[in-house]
Amino acid sequence: DDTMNDVLKEAIHFLHTYYEENKLPINERDARIEAVTKEIEETKTYTHTFEELSYGAKLAWRNSNRCIGRLFWNQLHVFDERDTTNLEDVMNALFRHIDYATNDGKIRSTITIFPAKRPDGTEPIRLRNHQLLRYAGYDTTGDPASRTFTKFCESLGWQGAKTPFDILPLVIENEHGDCLWRNIPSSIIREVPITHPEYDFTSLQLQWYAVPIISDMILEIGGIEYTAAPFNGWYMGTEIGARNFADTDRYNQLPAVAHLLGLDTSSNRALWQDRALVELNIAVLHSYEQHGVTLVDHHTASKQFEIFEKTEEKACRHITGNWTWLIPPLSPATSHIFHRPFDNTTLKPNFFYRKKEQT
Ligand code: HEM
Ligand SMILES: N/C(=N/c1cccc(CO[C@@H]2CCNC2)c1)c1cccs1
């Protein structure tokens, strides 16, 4: 049937790439393809070797068109948790991911891969969080982006302290719909209080967590969908300073920063929002550096991406990218990215959003 043929087609395409890029013998490739074909005929799916899984996750990162951080695509630590289905064990693997990736501030790019979606479409494990570390959103305080998920957590019995920066619990489910939630041990949570090198920012009472760990995307490798595969890198400063703290439907801090700086916020032409943005982003970069937590500024990140373009060119690989996401939200035209087009073709392996009806 066509699903089986789809998996087979994707599997063969992935295995050709895997064997070619790793300079592995053709006869071994053909033997592997034969074995995989048989396994798919018998079971409608197949099992990746650890090496195939690891390289597939790196390829998915390299193919992520919206990611500016792809220079380091080949440096990804992979935790293989494909045999982990017990909810308590899954929860502990998530705590281990947070701890390993944080590495006392010297962040390590890491992915943990739980069992894949089965041929019948059932998912052994579902992670309900958008990111493993994120702040709760309440009606009048916290992160508005988390309001819906916070209400869901409260419906499970979770109660936050109602501060602007309450770390949400991890919420996971198995195929039977059994749901387990746990607060993350404070010992593995690394956060950075925001200060400014010249101005006194303490009255803003801002902080952010060290490690962004996306936990709601699907990793697809060779036709296999890993629906629970949380991954992290480190932040680019603008994500925190120009979006999370600045967006009016997030922490909306530009007016408070402008007042603290004594700016005239009554006139657009005074560019008070722009001055507030720059100082807020200077504060974020300064604070992470002071606390020894990895963070990249958007100029360095653009330079690194430029090197990535060149290394891909040298490897005779066609680079794909999504211009609208790749340009940084602060001073975008200072980046070379702004001044060139990108082919936004979707290559595989890759990371995908979960389709809405699957929620
Ligand atoms: C190592 C440092 C990294 C940096 C600085 C970085 C930076 C970024 C930034 C700034 C974005 C845009 C996010 C937004 O605008 O909301 C992004 C998107 C993305 N990154 Fe990276 N990244 C890094 C590592 C990784 C890793 C390790 C993976 C996966 C293995 C990854 C996969 C992705 C994906 C899939 C997206 C698009 C997400 C979406 O469509 O919502 N990145 N990255
Ligand atoms: N620095 C990062 N930033 C992000 C990467 C992917 C997604 C996001 C958050 O995306 C949300 C959905 C659209 N914008 C906010 C942030 C990374 C997270 C995990 C690995 S690197």
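A donor here means an N, O or S atom within 2.8 Å of the metal (3.2 Å for Na, K and Ca), and since water is not among the atoms, sites may look incomplete. With that in hand, look at ligand 1: its iron atom has a single donor from the protein, Cys67 (SG), 2.4 Å away. Cys67 sits in the loop between helix 3 (50-62) and strand 1 (77-80). Helices (H or I, at least four residues) and strands (E, at least two) are DSSP runs, numbered from the N terminus.

Before going on, a word on what you're looking at. This is a predicted model, where local features need pLDDT of at least 70 and side-chain atom pairs count only at pLDDT 80 or more, while totals for chains, interfaces and linings use all residues. Residues are numbered from 1 along each chain as its sequence is written, chains are lettered from A and ligands numbered from 1 in the order in which they are written, and side-chain values use heavy atoms, with hydrogens and water left out.

**Around ligand 1**

Ligand 1 has 18 residues around it, and Trp61, Arg66, Cys67, Phe231 and Tyr353 come nearest. To be near a molecule or strand, a residue needs a heavy atom within 4 Å of it. That shell divides into 11 nonpolar, five polar and two charged residues. The classes go like this: Ala, Val, Leu, Ile, Met, Phe, Trp, Tyr, Cys and Pro are nonpolar, Asp, Glu, Lys and Arg are charged, and the others, Gly among them, are polar.

Both ligands make polar contacts, meaning pairs of N or O atoms within 3.5 Å (within protein, one must be able to donate a hydrogen and the other to accept it, and residues adjacent in sequence count only if both atoms are side-chain atoms). Here they are:

| Ligand atom | Protein partner | Distance |
|---|---|---|
| Ligand 1, nitrogen | Trp61, side-chain N or O | 3.4 Å |
| Ligand 1, oxygen | Arg66, side-chain N or O | 2.8 Å |
| Ligand 1, oxygen | Tyr353, polar side-chain atom | 2.5 Å |
| Ligand 2, nitrogen | Trp234, polar backbone atom | 2.9 Å |
| Ligand 2, nitrogen | Glu239, polar side-chain atom | 2.6 Å |

**Around ligand 2**

The residues around ligand 2 are His130, Pro212, Ile214, Phe231, Asn232, Gly233, Trp234, Tyr235, Glu239 and Trp325. On its own, ligand 2 has 500 Å² of accessible area, and the protein covers 63% of that. Such areas come from the Shrake-Rupley method with a 1.4 Å probe; for residues, only the protein chains shown count as cover. By class, this shell holds six nonpolar, three polar and one charged residues.

**Two open sheets**

Strands of a sheet pair through backbone hydrogen bonds, either parallel or antiparallel. Two strands count as paired if DSSP finds at least two bridges between them.

One open sheet has three strands in the order 3-4-5, with antiparallel pairing. Strand 3 (125-127) and strand 5 (179-182) are its edges, each pairing on one side only. From one strand to the next, the twist averages 20 degrees. (Axes are lines fitted to C-alpha atoms, for helices over the stretch in contact, and angles run from 0 to 180 degrees between N-to-C directions.) Strand 4 (residues 170-174) and strand 5 share four bridges. Ile172 stands opposite Leu180, and Leu170 is opposite Arg182. The hairpin of these two strands has four residues between them, and there Gly177 takes a positive phi near 85 degrees.

Another open sheet, also three antiparallel strands, runs in the order 10-9-14. Its edge strands are strand 10 (224-226) and strand 14. Neighbouring strands here are turned by 35 degrees against each other on average, direction ignored. Strand 9 (residues 217-221) is joined to strand 10 by three bridges, and Leu219 has Tyr226 as its bridge partner.

**A couple of backbone oddities**

Most residues other than glycine have a negative phi, and most peptide bonds are trans. Lys44 has a positive phi, near 70 degrees, in the loop between helix 2 (26-43) and helix 3. The peptide bond from Lys348 to Pro349 is cis, with omega near 0 degrees. Pro349 belongs to the loop between helix 10 (323-326) and strand 14.
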